[in-house]
Amino acid sequence: AGVRLRGARVCLAYFTSGFNTAAVDHEADGSTNNGIFQINSRKWCKNLNTEVPNVCQMYCSDLLNPNLKDTVICAMKITQQPQGLASWEAWRRHCQGKDLTDWVDGCDL
């Protein structure tokens, strides 16, 4: 299960941001998708809007750090929600139901 989960994270990171930890995508509603997993500010992190739930209890800018500790903590909170990895459209379109072992093949895990 561990290799499958790591493969899932690598697949998700590739299709959401192309592995770019500093990626910020601006949505039409004024929210932003932040970091390597493109975590949205509507619910998960705090930007300028103080009315958001900020479920991950961090600033969205914390998700842009090349040290992925905060990002992984937040992503794990998202995956613990009922939708799990399906919270990400990129997961549903590119990774879900696929054999993800190739994503970590050759890695010393």
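**Figure 1. Phenylalanine 15 in helix H1 and the nonpolar surface patch.** In this predicted model, phenylalanine 15 sits in helix H1, which runs over residues 2-17. Its relative accessible area is 32%, so phenylalanine 15 is partly exposed. Phe15 has company here: together with Tyr14 and Phe19 it makes up a nonpolar patch on the surface. The accessible area of Tyr14, Phe15 and Phe19 together is about 280 Å². Phe15 can belong to such a patch because its 32% passes the requirement of over 30% relative accessible area.

**Figure 2. The salt bridge between arginine 42 and aspartate 29.** Two salt bridges are found in the structure, and this view takes up the one that joins the side chains of arginine 42 and aspartate 29. The N to O distance is 2.6 Å. Where do the two partners lie? Arginine 42 is in the loop between strand E3 (39-40) and helix H2 (69-79), while aspartate 29 is in the loop between strand E1 (24-26) and strand E2 (32-34). The pair therefore ties together parts that are 13 residues apart in sequence. Arginine 42 is partly exposed, with a relative accessible area of 48%, and aspartate 29 is also partly exposed, with a value of 48%.

**Figure 3. The surroundings of arginine 42.** Let's stay with arginine 42, in the loop between E3 and H2, and look at its neighbours. Which residues does arginine 42 touch, leaving aside those up to four places away in sequence? They are Glu27, Asp29, Ser31, Val52 and Pro53. For one of these, serine 31, the C-alpha atom is 5.8 Å from that of arginine 42, although 11 residues separate the two along the chain. Even with these contacts, arginine 42 counts as partly exposed, at 48% relative accessibility.

**Figure 4. The salt bridge between arginine 93 and glutamate 89 in helix H3.** Here a salt bridge links arginine 93 to glutamate 89, and the closest N and O atoms are 3.5 Å apart. What separates these two residues within helix H3? Helix H3 covers residues 89-95, and the partners are four residues apart in it, which means about one helical turn lies between them. Arginine 93 is exposed, with 57% relative accessible area, whereas glutamate 89 is partly exposed at 46%.

**Figure 5. The annotated segment, residues 56-74.** An unreviewed UniProt entry carries the annotation "domain: Glycosyl hydrolases family 22 (GH22)" for residues 56-74. In the model, this stretch of chain is 32% helix and 0% strand. The C-alpha atoms at its two ends are 5 Å apart.

**Figure 6. The whole chain, for orientation.** To place the close-ups, here is the protein with its three helices and three strands. Along the sequence they follow the pattern α-β-β-β-α-α. The C-alpha trace spans about 40 × 25 × 20 Å along its principal axes. How does the radius of gyration fit a compact globule of 109 residues? Such a globule would have a value near 13 Å, and the protein has 14 Å, which agrees. Of the 109 residues, 38% count as buried. The accessible surface comes to about 6700 Å², and carbon and sulfur atoms account for 49% of it. Among contacts between residues at least 6 apart in sequence, 41% join residues at least 24 apart.

Methods. Residues numbered from 1 in each chain as written. Predicted model: local features only at pLDDT ≥ 70, side-chain atom pairs only at ≥ 80, totals over all residues. Heavy atoms only, no water. Patch = residues over 30% accessible without salt bridge, like charges linked within 9 Å, V, L, I, M, F, W, Y side chains within 5 Å. Areas by Shrake-Rupley, 256 points an atom, 1.4 Å probe, with all protein chains shown as cover. Salt bridge = Lys/Arg side-chain N within 4 Å of Asp/Glu carboxyl O. Buried < 20%, exposed > 50% of the residue type's maximum accessible area, 1.4 Å probe, protein only. UniProt positions renumbered as here; feature names shortened; annotations may be inferred. Rg over C-alpha atoms; globule rule 2.2 N^0.38 Å. Contact = heavy atoms within 4.5 Å.
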